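Colleague: I should be grateful for a close look at one part of this structure, namely a buried acidic residue and its surroundings. Please then set it beside other local features of the fold.

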Amino acid sequence: MDISLVRQIEYDSYVHAKFQSMGGLLDGTFRERLGCVGDTEQFRKSSQVIATQKAPQAALTPLNMIFEPVLATLSPWSAPDFVNIFEQTDVNFAPAREIADGLVMAIKRRRDQMRIDALDASATANTIANGGTGFTFAKFEEMIQMLAENSAGRGTVTCALSAVGARQLISEEKMANQFYVNYKPIAGSGLDGATVQNVKLIVIPTMIEGGLPIAGNIRTCFAWNWSAVGHAEANLQKTDMQWQGLYECWLINARIKAGAVAVDDLGIVKIDIDESV
């Protein structure tokens, strides 16, 4: 008997999505304005004023506080794909579900990327040069100092760094020493998600959308106060599935119309690190 030509082939019904950022890593780290109408959202900021001493019976001098608009431009993004009604009978898993999950991740990554791009476009003077070193504890302390000097160190502060930067920073003795930080990075899940000295650390993985800026070996990481940046979004974020009778397939589409902008450069820090060390 020879059954070699008819041996049964079994296929696992579990589909592994290629490792990728699930997106949404920076949700909650920006001022968010939802339900925007139009293609522009205006964030506003006011200038600093100083109190002056007043002599008895002297006239008051107005301080003329200045209010400035900061505009975020909303752009439409879509992530569509088709599921053919005949082809979905050729596999033992639900392709529509797998595709929808992948499209949602693509949109959430795009939201992260537009926020990273807004930070990168900031004209902040708070910059830390790479200096031929990686993400050192000294750079971390200097980053905190810059924010504190600008009164931006309180409230919600976030630092987005690369996986290499996280490896460099956790290798610093002071970062893992409880004499300096009230956190046990080795006992937990590393620095990703940790809060150290009021700074929440978020590791940004490799993203096909771009991720954190890099030029050669020099990567730019960012730290910012929640109120220094803005994200605007229309009531368009949704994922839907529509039957296309002419093509006998389902159209699955995830979409978003959104934009981000740096509102106050004083609350943003750019940290350049050398990832080759």
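Modeller: A salt bridge is here a side-chain nitrogen of Lys or Arg within 4 Å of a carboxyl oxygen of Asp or Glu, and a residue is buried when its relative accessible area is under 20%. The model is a predicted one. With these terms in place, D112 may be considered; this residue belongs to helix α1, which spans residues 95-120. D112 is buried yet forms no salt bridge. The nearest side chain of opposite charge is that of R115, 5.0 Å away, and the cut-off for a salt bridge is 4 Å. What the side chain of D112 does reach is the backbone nitrogen of L26, at 3.1 Å. Leaving aside neighbours within four places in sequence, D112 is in contact with G23, G24, L25, L26, D27 and M207.

Strand β11 (residues 229-234) offers a second view of buried positions: six of its six residues are buried. In a regular strand, side chains alternate between the two faces of the sheet. Both faces of β11 are covered, with V229, H231 and E233 buried on one side and G230, A232 and A234 buried on the other. This strand pairs with β1 (residues 31-36) in the parallel sense, over five bridges, and E233 of β11 is the bridge partner of L34. With β13 (residues 249-262), β11 pairs in the antiparallel sense, again over five bridges; here V261 of β13 is the bridge partner of G230.

Helix α3 (residues 163-170) has G165, A166, Q168 and L169 buried. Seen down the axis of α3, these buried residues fall within an arc of 165°, so they line one face of the helix. Their cover includes α2 (137-149), β6 (157-162), β8 (199-204) and β14 (268-274).

Two loop residues complete the picture. Most residues other than glycine have a negative phi. N198, although not a glycine, has a positive phi of about 70°; this residue is found in the loop between β7 (195-196) and β8. E248 is likewise not a glycine and has a positive phi of about 50°, and its place is the loop between β12 (238-244) and β13. N198 counts as partly exposed because its relative accessibility is 37%, and E248 is also partly exposed, with a relative accessible area of 37%.

Note on methods:
Residues are numbered from 1 along each chain as its sequence is written. This is a predicted model: local features need pLDDT of at least 70, side-chain atom pairs count only at pLDDT 80 or more; totals for chains, interfaces and linings use all residues. Side-chain values use heavy atoms; hydrogens and water are left out. Buried means under 20% relative accessible area, exposed over 50%, partly exposed in between (1.4 Å probe, protein chains only). Helices (H or I, at least four residues) and strands (E, at least two) are DSSP runs, numbered from the N terminus. The arc is that of the directions from the helix axis to the C-beta atoms. Contact means heavy atoms within 4.5 Å. Two strands pair if DSSP finds at least two bridges between them. Lys and Arg count as positive and Asp and Glu as negative; His and the chain ends are not counted. A polar contact is a pair of N or O atoms within 3.5 Å; within protein, one must be able to donate a hydrogen and the other to accept it, and residues adjacent in sequence count only if both atoms are side-chain atoms.
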